[in-house]
Amino acid sequence: MTKKLYISTYGCQMNVYDSARMADILSPLGYALTNQPNNADMAILNTCHIREKASEKTFSELGRLRNMRKAKQTENDGDMIIAVAGCVAQAEGAEIMKRAPYVDMVFGPQSYHKLPEMLAEATRGAGQVLDTDFPVEPKFDYLPDDAIDKNLSAFLTVQEGCDKFCAFCVVPYTRGAEFSRPVSSILAEAKRMLAAGTKEITLLGQNVNAYHGLGPSGKPLSLAELIQELASLDGLERLRYTTSHPLEMTEDLCRAHRDVDILMPYLHLPVQAGSDRILEAMNRRHTADQYRRIVEKLREYNPDLALSGDFIVGFPGETDAEFQDTMQLVRDVKYAQAYSFKYSPRPGTPAAALEGQMIAEDIKSERLAELQALLNEQQLAFNRSFEGKEIDILLEREGKKDGQLIGRSPFMQSVFVQSPPHRIGRIATVIVEEGNANSLRGKLKSGDVADAA
Ligand code: SAH
Ligand code: SF4
Ligand code: F3S
C-alpha cells in the first residue's frame with residue numbers, strides 16, 4: 001500500500017533540492033508525495049534558520065502537524081511520523097526534541113541520506129531519533145541513481161557549506177564547511193538528468209563559485225572549468241549557477257559569460273550593503289568599489305548580462321548615511337531583480353553580539369521600504385526594456401488561462417504566451433508585447449507559430 005508523504009520546504013534552493021531527494025529516497029519504501037498534510041503518513045518540515053521569521057515558522061507548523069496527527073489517531077486513521085530536517089534541525093536539534101516531544105526524527109542537511117535507517121529506528125519505537133552530524137562521507141555518495149531532479153529546468157547541487165563566516169549569517173554553522181562534489185559525480189548526475197528530459201540546469205551551492213571539486217586528472221577544477229565540461233554535454237540547452245560571492249568572481253568565471261553560449265547572461269551576485277564600513281563589519285572582505293569593478297568587468301565580457309542581488313538593511317550600527325551608500329550602489333549597478341531583508345540577529349553569529357548597536361525596528365522598516373521602492377522601479381524598468389524586442393524562452397508549463405504557456409527568459413523572467421501545450425520543453429522566440437512588474441507577456445514569432453500547427 002502506498003503511504004502518503006508530505007514535505008514542507010522553507011529557505012533556499014538547496015533545501016528545494018534536498019526535499020526532492022528525500023522524496024526520491026523514500027519512494028522505494030512505498031511513500032508517494034501528497035500536498036495535503038492532514039492525512040499524511042509521514043510529514044517532513046525542511047526548515048530554514050536564516051532569519052528569525054523563517055526559523056519561528058518551524059514551531060508553528062509543528063503545532064499544526066501535531067493537531068493533525070492527534071486527529072488521525074482519534075479517528076483511528078493510522079499515525080503520522082513527524083520529522084524536522086534542514087537548517088533549524090541542524091542548529092537547534094536538541095531544543096526541538098525538548099520543545100516538541102511528539103517529533104519522531106530530527107536530522108540536519110548532511111544526513112538525510114540515512115532516512116531509511118532513521119525511519120526504521122523511529123517506527124521501532126526507539127524514541128526520538130536525532131542526527132545532526134557532519135559525516136565524513138558526503139550524502140551524495142549514498143543517493144540512489146534515480147534520485148535526480150527530472151524537471152525541464154532542474155537543480156544540481158555541486159557545492160555545499162560555507163567558510164566565509166559573514167558576521168550576520170548562520171549558514172557556516174548549519175551547513176558546515178565548504179565541500180565540492182567531484183566532477184565525475186556531477187557529470188554523471190547531469191547526464192542522467194538530460195536523459196530524463198532536462199533542458200536547463202542550475203548548479204547550486206551556498207557559495208557555488210568557490211567550487212573546486214576533484215577533476216578527472218586528479219587536480220581540482222574551478223567552477224568555470226566545470227561549466228566548460230557541462231557545456232559539452234549533448235542536450236543541455238541552458239546553464240546557470242547560484243549563489244555566488246563577489247570574492248570568488250574569478251577572471252575565468254567572468255570570461256565564461258562571454259565564451260560559453262549556453263551560460264545564461266544572468267547572475268545572482270549578492271553585495272548586502274554599499275558602505276565600506278558596514279561591508280567590513282559584515283566580514284564581506286571587499287569594498288563597494290571592488291564590487292562595482294567586478295560588475296563592470298562582467299558587463300565588458302557580456303554586455304547583455306543582468307544582475308540580481310541580496311541586501312540587508314539595518315545591520316548593527318548602520319547610519320542613515322551608510323544606508324544611503326547602499327541606495328547609491330543600487331543606482332550605480334541597476335538590478336534586474338533583488339531580495340532585500342531587515343537585519344535579523346541570529347544566535348551564535350558575531351553580529352548578534354553587537355547588542356548596543358541594534359537598529360530600531362521602525363528604522364529598519366523605513367530603510368527597507370525605501371530600498372525596495374528603488375529595486376522595484378529598476379525591476380519594472382528592466383522588464384519594460386524588452387517591449388518590442390525578441391527573446392528566447394524555455395516553455396515550461398501551462399498557465400492558468402486557456403491556451404496559455406509560461407516560459408522562462410534567459411533573465412529568469414516568467415513570460416506568458418499563447419501556444420499549444422505540446423510545445424512545452426522547447427525553446428521558442430517571442431516578441432515581447434508588455435513588460436510588467438513581475439513578468440513579461442509576448443507572442444510567438446511567426447515562424448514559431450507555423451511549426452506549432
Ligand atoms: N550564500 C549567499 C546567501 C545565503 S543567505 C551569499 O553569500 O550571498 C541568503 C541571503 O539572506 C543573504 O544573501 C542575506 O542577504 C540574507 N541574510 C542572511 N543572514 C541574514 C540575517 N541574519 N538577517 C537578514 N538577512 C540575512
Ligand atoms: Fe552566509 Fe556569507 Fe556564507 Fe553567504 S557567504 S552563506 S552570506 S556566510
Ligand atoms: Fe535557510 Fe539553510 Fe538555505 S538557513 S537559506 S535553508 S542554507
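# Questions on a three-domain predicted model

Tutor: This is a predicted model, and the protein in it is divided into domain 1 (3–131), domain 2 (139–384) and domain 3 (390–452). The C-alpha centres of domain 1 and domain 3 lie 37 Å apart.

Student: What makes F168 a polar contact of ligand 1?

Tutor: A polar contact is a pair of N or O atoms within 3.5 Å, and a backbone N or O atom of F168 lies 3.0 Å from a nitrogen atom of ligand 1, so the pair meets the cut-off. Polar backbone atoms of two further residues also lie within that limit of 3.5 Å: that of Q206 is 2.7 Å from a nitrogen atom of ligand 1, and that of S344 is 2.8 Å from a nitrogen atom of ligand 1. The protein covers 89% of the 540 Å² of accessible area that ligand 1 has on its own.

Student: Which residues come nearest to ligand 1, and which strands each supply at least two residues of its shell?

Tutor: Of the 15 residues around ligand 1, those that come nearest are F168, Q206, Q272, D310 and S344. Strand 13 (306–313) and strand 14 (337–342) each supply at least two residues of the shell, which by class has 6 nonpolar, 4 polar and 5 charged residues.

Student: Why are strand 12 and strand 14 said to stand at the edges of their sheet?

Tutor: The sheet is an open one of 3 strands in the order 12-13-14, with parallel pairing. Strand 12 (266–268) and strand 14 each have a single partner strand, so one side of each is left without a neighbour in the sheet. Neighbouring strands here are turned by 10 degrees against each other on average, direction ignored.

Student: How do you know that strand 13 and strand 14 pair?

Tutor: Pairing requires at least two bridges between the strands, and strand 13 and strand 14 are joined in the parallel sense over 6 bridges, so the requirement is met. One of the bridge partners is F341 in strand 14, which is matched with I312.

Student: What makes the backbone at Q272 noteworthy?

Tutor: Most residues other than glycine have a negative phi, and most peptide bonds are trans. Q272 has a positive phi of about 75 degrees although it is not a glycine, and its place is in the loop between strand 12 and helix 9 (276–281). In another part of the chain, a cis peptide bond with omega of about 5 degrees joins T242 and T243, and T243 lies in the loop between strand 11 (238–242) and helix 8 (251–259).

Student: Which residues surround ligand 3, and which lie around ligand 2?

Tutor: Ligand 3 is surrounded by C12, N15, T47, C48, H49, I50, C87, R175 and Q206, a shell with 4 nonpolar, 4 polar and 1 charged residues by class. Around ligand 2 are residues including C162, C166, C169, F168 and H245, and the classes in that shell are 7 nonpolar, 2 polar and 2 charged.

Student: How do you know that strand 19 pairs with strand 17 and with strand 18?

Tutor: The threshold is again at least two bridges. Strand 17 (residues 414–418) runs parallel to strand 19 (residues 439–444) and is joined to it by 3 bridges, with S414 standing opposite S439. Strand 18 (residues 427–435) runs antiparallel to strand 19 and is joined to it by 5 bridges, with G442 as the bridge partner of V432, so both pairings satisfy the threshold. A hairpin joins strand 18 to strand 19 through 3 residues.

Terms used:
Residues are numbered from 1 along each chain as its sequence is written. Chains are lettered from A and ligands numbered from 1 in the order in which they are written. This is a predicted model: local features need pLDDT of at least 70, side-chain atom pairs count only at pLDDT 80 or more; totals for chains, interfaces and linings use all residues. Side-chain values use heavy atoms; hydrogens and water are left out. Domain bounds come from an automatic or database domain assignment. A residue is near a molecule or strand if one of its heavy atoms lies within 4 Å of it. A polar contact is a pair of N or O atoms within 3.5 Å; within protein, one must be able to donate a hydrogen and the other to accept it, and residues adjacent in sequence count only if both atoms are side-chain atoms. Accessible areas come from the Shrake-Rupley method with a 1.4 Å probe; for residues, only the protein chains shown count as cover. Helices (H or I, at least four residues) and strands (E, at least two) are DSSP runs, numbered from the N terminus. Ala, Val, Leu, Ile, Met, Phe, Trp, Tyr, Cys and Pro count as nonpolar, Asp, Glu, Lys and Arg as charged, and the others, Gly among them, as polar. Axes are lines fitted to C-alpha atoms, for helices over the stretch in contact, and angles run from 0 to 180 degrees between N-to-C directions.
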